[in-house]
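Visitor: I'm new to this one, and I'd like a close look at a single part. Could you walk me through the residues that the record lists as a binding site, and what sits around them?

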Amino acid sequence: MSANGVTVVDHPLVQHKLTLMREKDRSTKSFRQLLNEIGMLLCYEVTRDLPTEMIEIETPLQKSMQPVISGKKLVFAPILRAGVGFLDGMLELVPAARVAHIGLYRDPQTLQAVEYYFKAPSDIADRMIVVMDPMLATANSAVAAVDRLKERGAKDLRFVCLLAAPEGIARMRDSHPDVRIWTAAIDERLNDHGYIVPGLGDAGDRMFGTR
């Protein structure tokens, strides 16, 4: 389901796994595994329109023209720390992808994103970049990450998250209308502490067992 640059991946497997992740008593191990699995499923959707080209191969029976992905390899850009939960699943599908790391944390008083680490391939201007973070809440981290990538020359960016709040979507679309968003669900709202409601709590804490 797509509208206004936002695609909600409503596949039954995605929705089922998301419901399991929302359960407050879900173990750290299970939460991490489910996030990995959903990351793989979301990657399938976000790469659906990648360009292809025909090449000649030889099957056991004959030579044949068949499609392969064209252009330079993708870049997966997880926002640390929770964004890495998507990475293994996505690399399972696209093992040749490059990886960028963007270290941001949310100041608990201002809710603004603070950068502490950034490392990306030097030629990101020539590649499609998939920025990933499980939660699009205030969107401060997402906007800061895309700002940083654009400063380095990135032009083709997409954003993938597990859950989004209407406020986060609005902020992201206002700041970067050229960046399409893929999410498993759009929840009701943000609470006074900037958490998505009903949500699933702090994805990073639940993934690393620090809640």
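Guide: Here is a tour of the listed binding-site residues, followed by their surroundings and a few charged pairs elsewhere.

Keep in mind that this is a predicted model.

Let's start with what the record says. UniProt, in an unreviewed entry, gives "binding site" for R81, R106, D133, P134, M135, L136, A137, T138, A139, N140, S141 and D202. In the model, the lining of the largest pocket includes R81, R106, D133, P134, M135, L136, A137, T138, A139, N140, S141 and D202. The unreviewed entry also lists I196, G201, D202 and A203 under "binding site", and the lining of the largest pocket takes in I196, G201, D202 and A203 as well.

Now pick out M135, which lies in strand 10. Is M135 buried or exposed? M135 counts as buried because its relative accessible area is 17%, and the cut-off for buried is under 20%. Setting aside neighbours within four places in sequence, M135 is in contact with L163, I196, L200, G201 and A203. Three of the names there may ring a bell: I196, G201 and A203 are in UniProt's "binding site" listing too.

Follow the chain on to A139, in the loop between strand 10 (135–136) and helix 4 (140–151). What stands out about the backbone of A139? Its phi is near 75°, a positive value in a residue other than glycine. That's worth a pause, because most residues other than glycine have a negative phi. A139 is also buried, with a relative accessible area of 5%.

Then comes S141, which you'll find in helix 4. S141 is buried, at 17% relative accessible area. Beyond its neighbours within four places in sequence, S141 is in contact with I79, L104, A113 and D133. One of those, D133, is on UniProt's "binding site" list as well.

Next, hop over to I196, in strand 14 (residues 196–197). I196 is buried, with a relative accessible area of 6%. What does I196 touch, not counting residues up to four places away in sequence? The list runs to M135, L136, A137, L163, A164, A165, D187, R189 and L190. So if you go looking for M135 from this side, you'll find it in contact with I196, because the cut-off for a contact is heavy atoms within 4.5 Å.

From strand 14 the chain passes into a loop that leads to helix 6, and P198 has its place there. The peptide bond from V197 to P198 is cis, with omega near 0°. That's another one to notice, because most peptide bonds are trans. G201 is found in the loop between strand 14 and helix 6 too. Unlike the buried I196, G201 is partly exposed, with a relative accessible area of 38%. Apart from neighbours within four places in sequence, G201 is in contact with M135 and Y195.

Helix 6 (residues 203–208) is where you'll find R206. R206 is buried yet has no salt bridge, and the nearest side chain of opposite charge, E23, is 7.3 Å away. What does lie by the side chain of R206? The backbone oxygen of L200 is 3.0 Å from one of its polar atoms.

R206 may leave you wondering about charged pairs in the rest of the model. Side chains of opposite charge can pair when their charged atoms come close. The structure holds 9 salt bridges. One of them joins R158 and D49, at 2.8 Å from N to O. R158 is in strand 11 (residues 156–164) and D49 in the loop between helix 2 (28–46) and strand 3 (52–58), so this pair links distant parts of the chain, 109 residues apart. R158 counts as buried at 9% relative accessibility, while D49 counts as partly exposed at 43%. R180 joins in as well: D49, R158 and R180 are linked in a network of salt bridges.

Another pair brings us back to helix 4. K150 forms a salt bridge with D178, the closest N and O atoms being 2.9 Å apart. K150 lies in helix 4 and D178 in the loop between helix 5 (166–175) and strand 12 (180–186), so the pair ties together parts that are 28 residues apart in sequence. K150 is partly exposed, at 28%, and D178 is partly exposed, at 45%.

Terms used:
Residues numbered from 1 in each chain as written. Predicted model: local features only at pLDDT ≥ 70, side-chain atom pairs only at ≥ 80, totals over all residues. Heavy atoms only, no water. Helix = DSSP H or I, 4+ residues; strand = E, 2+ residues; numbered from the N terminus. Buried < 20%, exposed > 50% of the residue type's maximum accessible area, 1.4 Å probe, protein only. Lys, Arg positive; Asp, Glu negative; His and termini not counted. Salt bridge = Lys/Arg side-chain N within 4 Å of Asp/Glu carboxyl O. Polar contact = N/O pair within 3.5 Å; in protein donor to acceptor, adjacent residues only side chain to side chain. UniProt positions renumbered as here; feature names shortened; annotations may be inferred. 1 Å grid on protein atoms, 1.4 Å probe; cavity = no way out; pocket = protein on both sides within 12 Å on 5 of 7 lines; lining within 4 Å.
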